[in-house]
Amino acid sequence: MSEGSPPDAPLTPAEERARALLAELRASQPAGGQLAASVTRALRWQRPLRRALEAVGVTSGGILGGLASAVRGTRRR
Amino acid sequence: MSGVVEGMAAPDDALVAATLRGDLRAFEHLIERHRDVVLRVGARIAGDDAEDVAQDTFLRAYHRLARWRGEAPFRTWLLRIAHNSAIDHVGARQVEHVALDEGVDEVPDGERTPAERLEAAERRRRLDTKLKGLAPAHRTVLVLRDVEGLSYEEIAAVTNMPLGSVKARLHRARNEFIDLLQRNTYDWELPR
């Protein structure tokens with residue numbers, strides 16, 4: 001079929017066959033049995049680190065905000 | 001774990017909510033539930049990097065979990081992350097190999113002779129090779145639609161493409177794939 005033909009047109013017999021062949025690939029069982037364990041292992045050290053970084057961000061944001069206010073106050077005076 | 005979340009039986013949104021409350025076990029259930037489709041999509045887009053793609057996908061998903069609002073199904077949202085992660089992994093390199101265990105079949109082993117099982121495994125291996133011959137953008141839509149059975153709307157959400165473009169690209173991809181199948185002597189039983 002050409003590129004301009006309607007995408008919703010019924011599939012040709014060849015397209016139907018290609019689709020059926022590809023559906024067979026769904027039966028392939030991926031490896032990766034340890035995936036959940038490896039992800040949660042990574043998350044166990046990432047979570048506290050992230051919290052710490054967020055806390056640092058909040059603290060430094062507060063300090064910077066305070067400094068900015070102080071600087072603005074000094075300039076006004 | 002919270003009393004609301006009953007492990008693998010709980011719906012995705014309940015597991016997401018439990019994860020956001022700090023329940024890592026709930027997130028493990030989400031991984032177990034969606035692991036296979038993420039690995040399959042990762043394998044067929046990024047080849048050998050499938051496990052890295054899957055791990056990266058779930059880590060990214062965890063850190064962005066609060067952003068999932070439930071407008072799209074969790075699987076669609078997750079596959080969008082997987083798609084982006086796979087594309088990142090592919091980068092400039094060529095996909096060389098797709099590593100999937102061919103030992104599992106839809107038809108139970110007892111109902112197939114060893115010769116039939118070998119034949120099915122060989123056909124899947126050849127199909128994988130043919131898929132790798134497609135342009136990555138074509139391979140992606142074909143895998144999402146014809147291998148994983150996603151709807152056009154889901155594919156549009158995963159790939160961030162307009163619906164019409166998804167349909168047009170899928171149409172081109174399927175025909176490119178047929179051309180590839182017709183270019184060898186293996187009998188795919190394709191109607192002429």
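**Exercise 1. Helix 6 of chain B**

Task: In this predicted model, find out how many of the twelve residues of helix 6 of chain B are buried, and state which elements the buried residues pack against.

Solution.
Step 1. Locate the helix: helix 6 of chain B spans residues 136-147.
Step 2. Apply the cut-off, under 20% relative accessible area for a buried residue. Ten of the twelve residues pass, and the helix is mostly covered.
Step 3. List them. The buried residues of helix 6 of chain B are His138(B), Arg139(B), Thr140(B), Val141(B), Leu142(B), Val143(B), Leu144(B), Arg145(B), Asp146(B) and Val147(B).
Step 4. Look for the cover. Within chain B, these residues pack against helix 2, helix 4, helix 5, helix 7 (152-159) and helix 8. Chain A contributes helix 1 (13-24) to the packing.
Step 5. Look past the end of the helix. Gly149(B), just after helix 6 of chain B, has a positive phi of about 75°.

**Exercise 2. Helix 1 of chain B**

Task: Name the buried residues of helix 1 of chain B and say what covers them.

Solution.
Step 1. Helix 1 of chain B covers residues 12-20.
Step 2. Its buried residues are Asp12(B), Ala14(B), Leu15(B), Val16(B), Ala18(B) and Thr19(B).
Step 3. The cover of these residues includes helix 2, helix 3 (50-63) and helix 4 of chain B.
Step 4. After the helix comes Gly22(B), with a positive phi near 105°.

**Exercise 3. Two packed helices**

Task: Describe how helix 2 and helix 4 of chain B cross, and sort the residues of their contact by kind.

Solution.
Step 1. Choose the quantities. Two packed helices are described by the angle and the distance between their axes.
Step 2. Read them off. The axes of helix 2 (residues 24-46) and helix 4 (residues 74-90) of chain B come within 9 Å and cross at roughly 35°. The crossing of helix 2 and helix 4 of chain B is right-handed.
Step 3. Find the residues involved. On helix 2 of chain B, the contact uses Leu30(B), His34(B), Val37(B), Val38(B), Val41(B), Ile45(B) and Ala46(B). On helix 4 of chain B, the residues of the contact include Phe74(B), Leu78(B), Ala82(B) and Ile87(B).
Step 4. Sort them. The residues of this contact divide into 13 nonpolar, three polar and one charged.

**Exercise 4. Three single residues**

Task: For Arg40(B), Ala168(B) and Asn160(B), decide whether the residue is buried or exposed.

Solution.
Step 1. Arg40(B) lies in helix 2 of chain B. Arg40(B) counts as buried because its relative accessible area is 10%. Leaving out residues up to four places away in sequence, Arg40(B) touches Leu25(A), Arg26(A), Ser28(A), Pro30(A) and Glu148(B).
Step 2. Ala168(B) belongs to helix 8 (residues 163-181) of chain B. With a relative accessible area of 19%, Ala168(B) is buried; the cut-off is 20%. From C-alpha to C-alpha, Ala168(B) is 22 Å from Ala82(B), a residue 86 positions away in sequence.
Step 3. Asn160(B) sits in the loop between helix 7 and helix 8 of chain B. The relative accessibility of Asn160(B) is 57%, so this residue is exposed.
Step 4. Check the backbone. Most residues other than glycine have a negative phi. Asn160(B) is not a glycine, yet its phi is positive, about 60°.

**Exercise 5. The two chains**

Task: Give the helices and strands, the buried share and the accessible surface of chain B and chain A.

Solution.
Step 1. Chain B has eight helices and zero strands. Chain A has two helices and zero strands.
Step 2. In chain B, 52% of the 192 residues are buried. In chain A, 30% of the 77 residues are buried.
Step 3. Chain B has an accessible surface of about 9000 Å², 48% of it from carbon and sulfur atoms. For chain A the surface is about 5000 Å², with 61% from these atoms.
Step 4. Consider contacts in chain B with a separation of 6 or more: 61% of them join residues 24 or more positions apart.

**Exercise 6. Confidence**

Task: State where pLDDT in chain B stays under 50, and say how such parts should be read.

Solution.
Step 1. Take the chain as a whole. The mean pLDDT of chain B is 84, and 86% of its residues reach 70 or more.
Step 2. Take the elements of chain B. Helix 5 (residues 114-132) has the lowest mean pLDDT, 83, and helix 1 the highest, 95.
Step 3. Find the weak stretches. In chain B, pLDDT stays under 50 over residues 95-99 and over residues 101-106.
Step 4. Draw the conclusion. Where pLDDT is low, the predicted coordinates should not be read in detail.
Step 5. Add the scores of the complex: the predictor gives an ipTM of 0.72 and a pTM of 0.74.

Technical notes:
Residues are numbered from 1 along each chain as its sequence is written. Chains are lettered from A and ligands numbered from 1 in the order in which they are written. This is a predicted model: local features need pLDDT of at least 70, side-chain atom pairs count only at pLDDT 80 or more; totals for chains, interfaces and linings use all residues. Side-chain values use heavy atoms; hydrogens and water are left out. pLDDT is the predictor's confidence in each residue, from 0 to 100. Helices (H or I, at least four residues) and strands (E, at least two) are DSSP runs, numbered from the N terminus. Contact means heavy atoms within 4.5 Å. Axes are lines fitted to C-alpha atoms, for helices over the stretch in contact, and angles run from 0 to 180 degrees between N-to-C directions. A crossing is left-handed if the near helix is turned anticlockwise from the far one by less than a right angle, and right-handed if clockwise. Ala, Val, Leu, Ile, Met, Phe, Trp, Tyr, Cys and Pro count as nonpolar, Asp, Glu, Lys and Arg as charged, and the others, Gly among them, as polar. Buried means under 20% relative accessible area, exposed over 50%, partly exposed in between (1.4 Å probe, protein chains only). Accessible areas come from the Shrake-Rupley method with a 1.4 Å probe; for residues, only the protein chains shown count as cover.
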